[in-house]
Amino acid sequence: MATKNYAGVNVTVTEEGYLTDASQWNKDIATEIAREEGIELTPKHFEVLEYLRAQHAKGVTLTIRSVGNSGITDVKGLYILFPAGPLKKSSRIAGIPKPTSCV
Amino acid sequence: MTINKIEHPVKKVAIIVAKGSIEDVYAGLVMANGAVMEGIECKLFFTFFGLDAITKKRQDNLKTGTVGNPAMRMPGGLPFPTLLGILPGVEAGVSYMMKSQMAALDIPPVSEFLEMIVDGGGEVYACKLAFDMFKLKREDLWDQVKDVITVGKFYELAAGEGSQIIFT
């Protein structure tokens, strides 16, 4: 556990940099975490992030496939939006826990 | 990940799938998909009966063997008698169950799973020796198979620092 400051807000994060409390998240925080991952967020990114957050709030285990079938983007698109580790990176930027699924 | 740095990360995996039963093929596909999900470069090499997984007519119709598998259990957990496995329809029933259990975990059919791997940047190859031996034609293979290659070429593709070869 550590505290980090993103966009002027102190948030608690895990050792791997995932927010421990999804409710602390806002778009400015997302933008700064994304920069750490080398990603500049576009409206499309935010659509994915909102989807992930909504699914997480419902208690759904997220998979690449479920995001690919969300209607927002397909699997290929997800890899383009969040290269080299799409589910982990998008989850981290969305302020939700590290994904636990193997698919 | 930016915060946790692993000293010698796996950068590339070359996965060999040599068997054609549901569990053997999926073991390779889960490893491959897991790799691309982590941003690890991935080459999949299908040989011998594993070629069924990239043969259009067969890939979504794989079976689990019901004889000679001592780890096989009945739904309640009791041992699965090998003699039961020889009865007509049992293999189909068990295979159907395997697939439905995997579908419940959001694991897609073989062709879709392969597509996810390719969409993530993975590459799929067929072994030339087995391809010739089974008298297959290029059009028999799944459309996104990148090439039919020799073992030598496979090792070339697998080369590199932080690269691992996995035989499933």
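Trainee: Leaving aside neighbours within four places in sequence, which residues is A:Ile33 in contact with?
Mentor: In this predicted model, A:Ile33 is in contact with A:Tyr6, A:Arg92 and A:Ile93.

Trainee: Where is A:Ile33 found?
Mentor: In helix H1 of chain A.

Trainee: Is A:Ile33 buried or exposed?
Mentor: Buried, because A:Ile33 has 26 C-beta neighbours inside 10 Å, and the cut-off is 20 or more.

Trainee: Which other residues of that helix are buried?
Mentor: Helix H1 of chain A covers residues 27–36, and A:Ile29, A:Ala30 and A:Ala34 are buried there along with A:Ile33.

Trainee: Why do they line one face?
Mentor: Seen down the axis of H1(A), the buried residues fall within an arc of 135°, so they sit along one face of the helix. An α-helix has 3.6 residues a turn, so positions three or four places apart point the same way.

Trainee: What covers the buried residues of H1(A)?
Mentor: The cover includes strands S1 (2–6) and S2 (9–13), plus helices H2 (43–57) and H5 (86–93), of chain A.

Trainee: And what comes just after H1(A)?
Mentor: A:Gly38, with a positive phi of about 80°.

Trainee: Switching to the contact between the chains: how many residues does it take from each?
Mentor: 18 residues come from chain A and 17 residues from chain B.

Trainee: Which helices of chain B supply at least two residues each?
Mentor: H1 (22–37) and H4 (110–119) do, on the side that touches chain A. H1(B) gives the most to that side, four residues.

Trainee: What is that side of chain B like by class?
Mentor: Seven residues are nonpolar, seven are polar and three are charged.

Key. Residues are numbered from 1 along each chain as its sequence is written. Chains are lettered from A and ligands numbered from 1 in the order in which they are written. This is a predicted model: local features need pLDDT of at least 70, side-chain atom pairs count only at pLDDT 80 or more; totals for chains, interfaces and linings use all residues. Two residues are in contact if their C-beta atoms, placed from the backbone, lie within 7 Å. Ala, Val, Leu, Ile, Met, Phe, Trp, Tyr, Cys and Pro count as nonpolar, Asp, Glu, Lys and Arg as charged, and the others, Gly among them, as polar. A residue is buried if 20 or more other C-beta atoms lie within 10 Å of its own, exposed if 12 or fewer, and partly exposed in between; C-beta atoms are placed from the backbone. The arc is that of the directions from the helix axis to the C-beta atoms.
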